[in-house]
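Okay, thanks everyone for coming. Let's pull the structure up on the screen and look at where two of its chains meet.

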Amino acid sequence: MSHTDIVISGFGGQGVILTGIVLGKTISIYSDGYATMTQNFGPEARGGACTAQVVIDNDKIRYPYVQVPDIMIIMSQEAYEKHEPSLSPDGMLLFEEELVEPGPARDKIRMYGIPATRFAEELGNPMVLNMIMLGFLSGTSGLIEPIPARNAIAASVPGHFIELNHLAFNKGYQYGKGLVAGEMLAGKISG
Amino acid sequence: MVQADPVGVLTGTHYLDGDHAAAEGACSAGCRFFAGYPITPSTEVAERVALRFPLIGGTFIQMEDELASIAAVLGGSWGGLKSMTVTSGPGFSLMMENIGLGVMMEVPCVVINVQRGGPSTGLPTLPAQADMMQARWGSHGDYELIALSPNSPQECFDLTIESFNLSEQWRVPVLVMMDECIGHMTERVVIPEAGEIELVERRYTNLNPDDYLPYKPCEDLVPEMAPIGYGYRFHTTGLTHDERGYPSMNAETQQRCVGRLLDKINLNRDEIIHVDKHYLDDADIVVVSYGISSRVAIPAVEKARREGIKVGELRLVTVWPFPEKLIRELAGNVKAFIMPEINHGQVVLELERCAGGRAETRLVKHAGGWVHDPETIYEAIREAAK
Amino acid sequence: MTVTEVKPDTTRKIPEHPKSLLLRMDRMPHIWCSRCGIGITVGCFASAMEKTGLSPDDITVTSGIGCTGRVAGYVKADSFHTTHGRAIPFTVGLALTRPDLKHVVFSGDGDLISIGGNHFIHAARRNQNMLVICVNNFTYAMTGGQLAPTTPVTARATTAPYGSFERPFSLPTLAISAGASYVARWTSLHIRRITDSMTEALQRRGFRFIEIIAPCSTIYARRNKLGTGLDLMKYYYENSVIDHNASVDDLDIGFQSKIVVGKFVDKDRPSYGKSMHEHFRKVLGNKYQPPVSGKMEIDKSWSGCTESQDTTVTDEVQS
């Protein structure tokens, strides 16, 4: 996989950091790549906002921080306002569509929204919003494959939550696949 | 060398940050006594040790401050267990006096410093490499110790084990000079089987108590230890002392006592120092770096190489003692040294001293709070190549 | 003038010091002044060791800095002369790694209560396993007589040339309020009582504290015109009040005031190590691995000259 800079951001309690960890594990333990995750600490991280940065590469990662984000997973309006301006002009924006109201599309940015919180509640636990978003990343971008992601989830959450998190991942994945397929049908993007 | 006790070794492939990896390094190295005081950005090391130690037969204690933490670590090591503490800038300042006691009494122990921006409270949550000279000179008096600088979570694991080995071999406090970026960065960390981890055990004397002198050095200038409670009834002190360990405060004993403490490290530098070299054979310019800076320097070196600039990289895994001999050799063959540091120029002073004016020395400084952009280092290489 | 050379009488046998088993005779004479009270406390400690039947190999002695800080250098046991104020935390490390041994901190009031004061209260709070013997001479004697946190109001010190106006600490009050499991105070006149207290405290576990008011005739007494060491002993004789049940309000010491002495606390409270062990055993069950001790590690890796001793779990953990 080529060098990809990813920002995951939302508010505390949405499982932002865990999303980063599962993504990093998927790439660096259950796939053949390298992944470095960093997160914001300090007073700003104690309050509402929470951000994880994941750098992915097929070679060793030297510079550990995100420079120009290629992909953003945004789960709050505040995170959107803060990070969207830095998104690469041909990047990809994935957002929780009931929590984030994005501005008009700019440049060649591909934007995909998902009602992840509602889906999570339908699955019986709003906590799994983050794995829905991760599945959504997989379904829309193809950056991670479902099987290694499922393995990474199993290695990261308590035993009795694995199944629920797998369901959540699948939900996001299918929804993402569906959106992309719809676009392809509509001729907006090619293969 | 002995193999690690499997009880403490969490064999497998993990996704850990540097702080957690360092804690696992300690567990694998057989560290079974930890005394510490929480301080950002090193706290996660203490937290993981607190979680792990009751499961592997270790004793963790949160002390009342850093003064107490390092003192307890020295006591714990004399008690016969591999001992460690962890801190960051302000706490490191508080530990200085007893790091000196550790040097003077020759106590094997490990101190991890996850560096943050300073001076004073500075930047608690952001990286710096600003305690490098404090590591070398922060305690009073003349002394030598060993300081390593990891540049990934994997190395936080590996070099913590290495630090315990070095501390036992040379009877000296060993500092693991991490930084916030490495400490809080999460990556793949492979923890091998216990059988693949080699450990240096403490050298206890085989002499009987009547023949034993606690500070009589062996051939490598390191004296053997005696275990407490076995009839040796030895005395040890932070005062200048003779081979009996008794205070002897005069110029002759001072020369002998301090002289040996310095020689013990200096004369064994070749055995202690570990560096990584890349493209040095034909290099006109050498980027000398350590810790996170050594990592972000690589893209800069590679970019310059692609453009035909003959630049090499010398990465200091061991920062103290400084690889003086190697720098002196290189200085005769290269045009310039470039050193990126997240400070306003610390280790570069030593580099400049050893270059002795025979090669230009350039500092790429950074006040702290972030790491160097590789472009900045690349620009410095280009500038030096002109 | 004729000079008669006096040859040493090599036939005369020097009698052995009665406490030579516990003293480093090769370091005598010691550095303490004549009429100093510290030697008395060391003598009492040697007697207490005899009474308990403990061998010097059953204990460690650790000191900080100062006149009393030199005790570790004269006691013939594994002994540690550490930095100023840090004897207690150093001993925390010793005690947690070698719970099979008795650990003694022997130091002065400035060392233990001023620069080391924070360690003192926290070690008492955690009931860390050690006997702390504090020789209180109301001053920093080795450095020439500066103000200590124990200097009585109006007493003079080099850094309080017009007399002290600071309220001093009452050390037993401090120890009691911080949770020490054994607290006693004597003066260096009370040789038998000190010895009894040390004997008793050596056999207890947890944080044990004995304060011994002792004369510093060279520095404190002279500056305050209190006469010789003998005059101070007379002062102790005339002004000491033994009251084991004294209220902490009575334990303050004024300048040449009465001194309430006694054994104020002697209670059984689980030590830090024991609390840790019991807590983890309860909450972690089978997952809990009792702490290895330094002794276990030493016996595992060392084939030294002494016979290997048993490596069973230490009594600290078992008790």
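So, about 4500 Å² is buried between chain B and chain C, and carbon and sulfur atoms give 59% of that. Keep in mind as we go that this is a predicted model. On the chain B side, the residues that lose the most area to chain C are Glu64(B), Tyr230(B) and Arg233(B), and together they make up 18% of what that side buries.

How many residues does each chain bring to the contact? Chain B puts in 54 and chain C puts in 59.

Now, which parts of chain B are doing the touching? Between the two chains there are 29 residue pairs in polar contact, with both residues at pLDDT 80 or more. Several elements of chain B each supply at least two residues to the side facing chain C, among them β3 (31-36), α2 (43-56), α4 (89-105) and β12 (235-237). The largest share comes from α3(B), with 8 residues. If you sort that whole side of chain B by residue type, you get 28 nonpolar, 18 polar and 8 charged.

On to charges. We have 2 salt bridges between chain B and chain C. In one of them, our friend Arg233(B) meets the side chain of Asp57(C), at 2.8 Å from N to O.

Last stop: β12(B) again. This strand runs parallel to β2 of chain C, residues 78-81, and 3 bridges join the two. If you want to find the spot on screen, look for Thr236(B), whose bridge partner in β2(C) is Phe80(C).

Notes:
Residues are numbered from 1 along each chain as its sequence is written. Chains are lettered from A and ligands numbered from 1 in the order in which they are written. This is a predicted model: local features need pLDDT of at least 70, side-chain atom pairs count only at pLDDT 80 or more; totals for chains, interfaces and linings use all residues. Side-chain values use heavy atoms; hydrogens and water are left out. Contact means heavy atoms within 4.5 Å. Buried area is the accessible area (1.4 Å probe) that two parts lose on being put together, summed over both. A salt bridge is a side-chain nitrogen of Lys or Arg within 4 Å of a carboxyl oxygen of Asp or Glu. A polar contact is a pair of N or O atoms within 3.5 Å; within protein, one must be able to donate a hydrogen and the other to accept it, and residues adjacent in sequence count only if both atoms are side-chain atoms. Helices (H or I, at least four residues) and strands (E, at least two) are DSSP runs, numbered from the N terminus. Ala, Val, Leu, Ile, Met, Phe, Trp, Tyr, Cys and Pro count as nonpolar, Asp, Glu, Lys and Arg as charged, and the others, Gly among them, as polar. Two strands pair if DSSP finds at least two bridges between them.
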